[in-house]
Amino acid sequence: MARLLLSPNTLVSIGALTEALWDGVPPASAERQVQNVASQLRQAWLGAGVTEANEVVRTGRAGYSLDIDLDRIDLHVFRGLVARAAGLSDAGDPAAAAGKLREALALWRGPAFAGIDTQVIQGNALLIDEERPAAWEECMRLELQTGLHGRVVTELASLVAEFPFREQLTGLFMTALYRTGRQAAALQTYQQARARLNDELGIDPGPELQELHTRILRSDPMLLGPTAEGRAEVAAPPAGAGNAPPAPSQIPPPDGSFTGRRDALALLSEHCGEAQVLVVAGAAGMGKTSLVVEWAHRVRDRFPDGQIFLDLRGHSADSSSSADSVLEHILESLDLSPPNTSVPPEKRVALYRSAVADKKLLIVLDNAGTIDHILPAVPTGGGSQLVVTSRNSLAALHTRVAVKGVALGGLSRAESRSIITGASGAAGAADGVPEGQGRGAALDRLLDLCDGMPLALRILAARMMADRSLTVEQLAAGLARDGVPLDGFAIDGDTRSVRSVLANTCATLSEDDARLFRLLAVHPGRRMRAETVAAMAAVPLPAVRRGLGNLLALHLVTKAGENHLAMHDLVQSFAAERLDAQAREDRPAEALDRLLNWYLSVAAMANGVLRPDRDAFAGRGERTESFVEQFAKDVDAITFFDQEKENLAPAIAAAVRHDIDRAVELLYHLHSYFLRTGFSSADMDAWKHCGDNASRVRDPLLRAHLHHALGGALVVTHDLDAAIGQLFLATELYEGQGEPAGAAGSRLGLGFAYELQGRYQDALAEHELALGLARTAGNITLVVHALNNSADALMALDDIEAGLERLRAGRELAQEHGLRHHEAAILSSIGALFLRQRDYPRALTHLHEGLVLMRKSGFRTAEADTLARIGHAVMGSGDAATAVEWFRRAQEVYRRNSDATGEAEMARLIGRTGG
């Protein structure tokens, strides 16, 4: 309950809860025990009459949340009242402000989370408890300001006894004593405080308290201040005026090439003051320091007591700062460094917190590696703000203190373009990048390679500024020619390059995580899933998930959807360099072999539910462990490969280079998936590239599979002449090898291609041959397919009755054998038949029925055609406006299927109909 209260209305992970309960050493049954405790908590509340207990403690996907109105949590009410008091004080109403503070302090009942002794809870409790004396200090200051020194002097005596190291309280007590005519007592209080600080912390009182002591010794009348009746109105000068050391101003100068980041700057300003720590996290080279420095200069007036900056070098294996050195730097910046170097760390922390309790400081800790660097520097209240940058997500920090985070990704395309064009313009181009298609293409190549990484963009810009003869085209060509892209992302005279910052990040990786990082370079796609990486690295899936989590925390990889991670191109280039250097140990060729086997395994699983009759490779032995659950139905397989689709073309291309036979096998298994969902241009390029290497395939049957798969793809993408050539080759090879099922499939493809060319008699002849071959092979799926296709040809030849008879026979077989997507196609064909007859009601009935089945089976290519047919039927029924809506839906599915021909036809129909 205590841990949930620390993060109300926020999902707290099971890991964070176990950390809080068992101080990072949970038992094996920790997750079950957490579940039991949550259940017991709900039951206790229900027993106490809290009927909405189940709504208050909610179970999330991987943890629990406490859903509650913040006004029911005393700490949040307290903080709200303190904030209102600050507003009243700023508005010049100290009496009302003090009243709000007393209202807030009246809520306090004792130490936060008393009786709970775990480190996480007590660490937060310590910080929460610090808010009470800070509020008392402000309340006493305001009441002294309004002349109530006679009333507050007793309270201040009690507070000083309770908080002996808070110099602000001591100074207020001394002031109250002096104003009530007890000068000697005020001076004695100072001597007691001085002795206590020296004995316990090894330091002298701070300059403000020393200045106050001097003024009391001199009987400074300015210290008398006002009275409650308003008889004295002379304002006291600021404590420490004249003797105080200058406020620290350590923020580095702003980056002269800083660009964009409006949203991130706005978030920092919005979150400032809302949390104890602001964390800006992101990958190396993403401009975290530049962002914070820019923001710090913009808001420096909000922190009149100074700005402290320290580079922790937390991602350098040999020169990172220690937690003690962080605190020492801050104390030195405030002129509070203890003369006694043996002062224990906890007393240094106490000194720091006391010193900043009533100040408005901005403290920036750059390049933090772990939370140990940060925790001692967390301010406890007042107007100070700690800002941290890190390549690590610092997730553990959320379990200790209040944190607001800004996740920094790459710059936008427009922002990236402005950096390069600005440099090329300064280097002599009249308008940034001169006109010309080649120049624009070169700029796009640079932007693609940098992918929004500010460091990379600024290095390229600096190279162009340094060499005014260097054009965008020359720069792009040089990077492409070098073969090692990272060599181009460095500049003479600057040790900070893309390679160096990535090397610093990777230096902190464990040996296992470093190997995993290197092997990610083997993956040919931009997005990868843990299961793929586990197979590629030959490491158990749980270990891979942990390793990827570590890489994710360092932003060496990033989230790319629910199941995938992505790697920046330049980071992948760096991983490839490391892999080359470790090739003897890592054996990248073997890793690629395992990766291709993984794709073959999951593709074979998918083919098993999409086309169980196509099992040419069933006897190839046991497949590689895929770590993927067996697909229960066809739509599950399609959903899986929809998520994986952008990786399929690179995987096929890698297979063609590595092992052409396995490339063909991969096409064979993926064939049905693509026929249902369509081919992108990248997919077709990969399939054609495989076809161009057909001569490397020695096995005639394997070559037949290749020509058949490529021919089917070319039909779907309307490259009909090329498709016919491939399907002829496949038919000859299948028939030569005595494979009637394969020959039937290829002839069906030929017939469909002829049909699209308007050669309906030739189409019917191929479909009839295919029907006979399918029956010879005993393949019901191909029989149903042939009945459907031949019916389409018969209808085109106006033999409506024969066509309808075949469609009904095909549907009966499809229903009998559970061939759902074939039944869907037949229903659409029946609808098309009635559409030809202008029987629009019967057409719509069958088309809608088929559409339902298509969506259930993921048959998107047929879905697009069916949506278009529904549009035509609705148009024929006289409802042009609704027809346009159906054409728009069809156009969207054609677009999703990368079917430019279908998309253009829908655009024509929409335009003709006036949509």
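A salt bridge here is a side-chain nitrogen of Lys or Arg within 4 Å of a carboxyl oxygen of Asp or Glu. Keep that cut-off in mind as we walk through this predicted model, since one buried acidic residue will fall outside it.

Let's begin with the whole chain. The protein chain contains 40 helices and 11 strands. Along the principal axes, its C-alpha atoms fill a box of roughly 120 × 75 × 60 Å. Of the 915 residues in the protein chain, 52% are buried. If you look at contacts with a separation of 6 or more, 68% of them are made by residues 24 or more positions apart. On the outside, the protein chain exposes about 40,100 Å², and carbon and sulfur atoms supply 50% of that area. As for charge, there are 92 positive and 115 negative side chains, and the centres of the two sets lie 1 Å apart.

Now turn to the interior. In soluble globular proteins, nonpolar side chains tend to be buried together. In this model, the largest nonpolar core has 120 residues, and V498, F517 and W687 are the ones with the most contacts inside it. Helix 26, which spans residues 588–610, gives the largest share of this core, 12 residues. To get a feel for the packing, centre your view on V498. Leaving aside its neighbours within four places in sequence, V498 is in contact with M453, L455, A456, I459, L486, F489 and L570. Apart from this core lies another one, of 51 residues, with I128, M140, L144 and L212 among its members.

Another spot worth a visit is A744, which you will find in helix 32 (residues 740–756). With a relative accessible area of 0%, A744 is buried. Not counting residues up to four places away in sequence, A744 touches A770, L773, A774 and L782. The C-alpha atoms of A744 and Y734 are separated by 9.0 Å, the two residues being 10 apart along the chain.

Next come the charged pairs. Side chains of opposite charge can pair when their charged atoms come close. The structure holds 44 salt bridges, and three of them make good stops on our tour.

Take R166 and E137, whose side chains meet in a salt bridge at 2.8 Å, N to O. R166 sits in the loop between helix 8 (149–162) and helix 9 (167–179), while E137 belongs to helix 7 (residues 119–145), so this pair ties together parts that are 29 residues apart in sequence. Both R166 and E137 are buried.

Helix 7 also offers a more local pairing: R141 and E138 both lie in this helix, three residues apart, about one turn. Their side chains form a salt bridge, again 2.8 Å from N to O. Are these two residues buried, exposed or partly exposed? R141 counts as partly exposed because its relative accessibility is 30%, and E138 is partly exposed too, with a relative accessible area of 28%.

The third stop is the salt bridge between D444 and R413, where the closest N and O atoms are 3.4 Å apart. This pair links distant parts of the chain, with D444 in helix 17 (residues 437–450) and R413 in helix 16 (residues 413–426), 31 residues apart. D444 is partly exposed at 30% relative accessibility, and R413 is partly exposed at 38%. Through salt bridges that share partners, R413, R417, D444 and D448 are joined into one network.

That brings us back to the acidic residue promised at the start. E167 is located in helix 9. Which side chain of opposite charge is nearest to E167, and how far away is it? The nearest is K359, at 9.0 Å, and E167 is buried yet has no salt bridge. Leaving aside neighbours within four places in sequence, E167 is in contact with L197, P205, G206 and L209.

Finally, look at G202, in the loop between helix 10 (183–201) and helix 11 (207–217). G202 is buried, with a relative accessible area of 10%. The C-alpha atoms of G202 and R348 are separated by 9.8 Å, although the two residues are 146 apart along the chain.

How values were computed:
Residues numbered from 1 in each chain as written. Predicted model: local features only at pLDDT ≥ 70, side-chain atom pairs only at ≥ 80, totals over all residues. Heavy atoms only, no water. Core = buried A, V, L, I, M, F, W, Y, C linked by side-chain atoms within 4.5 Å. Buried < 20%, exposed > 50% of the residue type's maximum accessible area, 1.4 Å probe, protein only. Helix = DSSP H or I, 4+ residues; strand = E, 2+ residues; numbered from the N terminus. Contact = heavy atoms within 4.5 Å. Areas by Shrake-Rupley, 256 points an atom, 1.4 Å probe, with all protein chains shown as cover. Lys, Arg positive; Asp, Glu negative; His and termini not counted. Charge placed at Lys NZ, Arg CZ, Asp CG, Glu CD.
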